[in-house]
Amino acid sequence: MSGQQAGAEQRREESSAPTSSPSRFVLGLDVGSTVIRCHVYDRTARVRGSSAQKVENVYPQPGWVEIDPDALWAQFVAVIKDAVKAAGVQMNQIVGLGISTQRATFITWNKKTGHHFHNFISWQDLRAAELVKSWNNSLIMKLLHGATKLLHFFSRNKVMLTVSRFTFTTQHVTLRLVWILQNLPEVKKAVEEDNCCFGTIDTWLLYKLTKGSSYATDYSNASTTGFFDPYAMRWSKLIATMVSIPFSILPPVRDTSYNFGSVDEEIFGVPIPVVALVGDQQSAMFGECCFETGDVKLTMGTGTFLDINTGKTPQHVNGGFYPLIGWKIGHELVCLAEGNAGDTGTAIVWAQKLDLFTDAAETEKMALSLEDSEGVYFVPSFSGLQAPLNDPCACASFMGLKHSTSKYHLVRAILESIAFRNKQLYDMLQREIQIPVTNIRADGGVCNNAFVMQMTSDLINEKIDRPAHFDMSCLGAASLAGLAVAIERLLQDTYGWELRGERQSLWSLCDQTGARSGQICDKPSKIDGLKPQGYQFQKRQQ
Ligand SMILES: Nc1ncnc2c1ncn2[C@@H]1O[C@H](COP(=O)(O)OP(=O)(O)O)[C@@H](O)[C@H]1O
Ligand SMILES: O=P(O)(O)OC[C@H](O)CO
């Protein structure tokens, strides 16, 4: 739908509304590693206005990846203002903000002044590679693995089995935070003086938006740090103690759809409530309506993330896939198992920087113009190779180059490498997770590419749905926010309840009042416009 059509439709909707109160909208934000975007959603989950900006990563040393927090903050505020303007609505019509963020990218700051001690350290950063290696080979880890294996043998407790296979990776916050604590004297001092806050991007944005009055994260973001225990649903005492991460610097963990506090009025002129914080992959899962056990989504953005809904309890895993919290909304807890490949969009962006093409969209035609890659292969590993190889030091490389190799072969090899990694992840999922796959839905910028989509479908021999609207992380965040706002408004309007301060979970309040089965829907799949529609990729007939 064009912007003009959307505008006309919105005016019709407003003029035919029974009351004179203006329409209300929810913002869905996605702070990705490549793009930061904001969509304004109406109550039928249609996008009324949008804005996006490119995230500037900083590379101070080979292997180090950082983001300047001041630049990110300026972009975050700008995309919100621009999207609201593009939608042609007023800030006071925005009833809730849902924020999805790249996960495991963190910062620390001064509790008293709010000043950060360093840039965001990205999930792609490799500065802790040596620490990871030495911890994984350490006596403590060997003892831990041995003891838990033994305990599993006698008790058959599967948590013990999972712990016995646990290893550190550079993608976990854990050892990158340890690196910061060991190498930045300012942070060390602040910790000693109980003046240090740690946060992933969601926590820091919340802190900035509320001018320091709210400090929290949600279960989905916490579960991706590497030192959250998804079985006990709290920060892991075992890991924090083992690597000396002080509990005093960690934020409280809240539900995903929750009233986290209101944006300070000075920022947008009105106090907009922040009603959802969620990790971007979990948010995409929610946006793709992967609500049932066995539902799978494949997100190809900066990296590739393959997630399966494992139901109410965290899956016991085998070292490749890892258990995560999908979302927690009152009594409803959804767990996921995830596997990933770190370099997907990064390979496209890198090739673009080398002038192999000018626009990512050209890559599809370039690949299709050839019969095959003429034996050229690309290894997509600027930030190491994740499971099943688990080598943080693996280098990206081309193989099989010949005199006849052109840039077309190189581009085709890069796209093929993305599909091969998808196949590798899917095989690992089938090996490790004993849950039958029901649906596979794709999203993220790289799923624009029909060559990658078709090749993936051919390799895994499964149907893959690609929704018409790819920004599933934004949609998921907006749905989670909409859920909180709808429930809260319903409670206030219908029951006259004022919810203040440390609120009870909105979801459980709704259960108590029976509102869940009433006007609002408990599963957003029932809301118009949320069901993924679009294109289906199926294995080609040979
Ligand atoms: N048609 C396309 N073919 C291949 N890659 C694409 C295409 N369109 C966009 N991309 C890539 O998608 C990536 C951005 O995806 P996105 O999901 O927005 O990332 P993130 O959420 O990680 O910031 C970029 O690397 C971009 O080059
Ligand atoms: O930037 P994305 O969308 O590839 O997501 C990054 C992940 O959240 C890292 O865990």
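Q: In this predicted model, which residue has a side-chain N or O atom 2.6 Å from an oxygen atom of ligand 2?
A: Happily, the shell around the ligand gives us a short list to check: it includes Arg-103, Trp-123, Asp-280, Gln-281 and Phe-305. A polar contact needs N or O atoms within 3.5 Å. The side chain that comes to 2.6 Å from a ligand 2 oxygen belongs to Asp-280.

Q: How much of the accessible area of ligand 2 does the protein cover?
A: Besides Asp-280, with its 2.6 Å pair, the side chain of Gln-281 places an N or O atom 3.3 Å from a ligand oxygen. Gly-303 joins in through a polar backbone atom, at 3.2 Å from an oxygen of ligand 2. On its own the ligand has 310 Å² of accessible area, and the protein covers 93%.

Q: How many residues of the shell around ligand 2 are polar?
A: Let's go through the classes. Two shell residues are nonpolar and two are charged. The shell also includes Gly-32, Ser-33, Gln-102 and Thr-302, and Gly counts as polar in this scheme. The number of polar residues is six.

Q: What is the volume of the largest cavity?
A: Now for the cavities. The structure holds one cavity of 30 Å³ or more. The largest cavity has a volume of about 50 Å³.

Q: Which helices each supply at least two residues of the lining of the largest cavity?
A: The lining consists of Leu-298, Leu-306, Asn-422, Tyr-426, Ile-440, Thr-456 and Ile-460. By class, five of these are nonpolar, two are polar and none is charged. The helices that each give at least two lining residues are α15 (407-432) and α16 (450-460).

Conventions: Residues numbered from 1 in each chain as written. Chains lettered and ligands numbered in written order. Predicted model: local features only at pLDDT ≥ 70, side-chain atom pairs only at ≥ 80, totals over all residues. Heavy atoms only, no water. Near = heavy atom within 4 Å. Polar contact = N/O pair within 3.5 Å; in protein donor to acceptor, adjacent residues only side chain to side chain. Areas by Shrake-Rupley, 256 points an atom, 1.4 Å probe, with all protein chains shown as cover. 1 Å grid on protein atoms, 1.4 Å probe; cavity = no way out; pocket = protein on both sides within 12 Å on 5 of 7 lines; lining within 4 Å. Points joined across faces, edges and corners; volume = space filled by probe spheres on them. Helix = DSSP H or I, 4+ residues; strand = E, 2+ residues; numbered from the N terminus.
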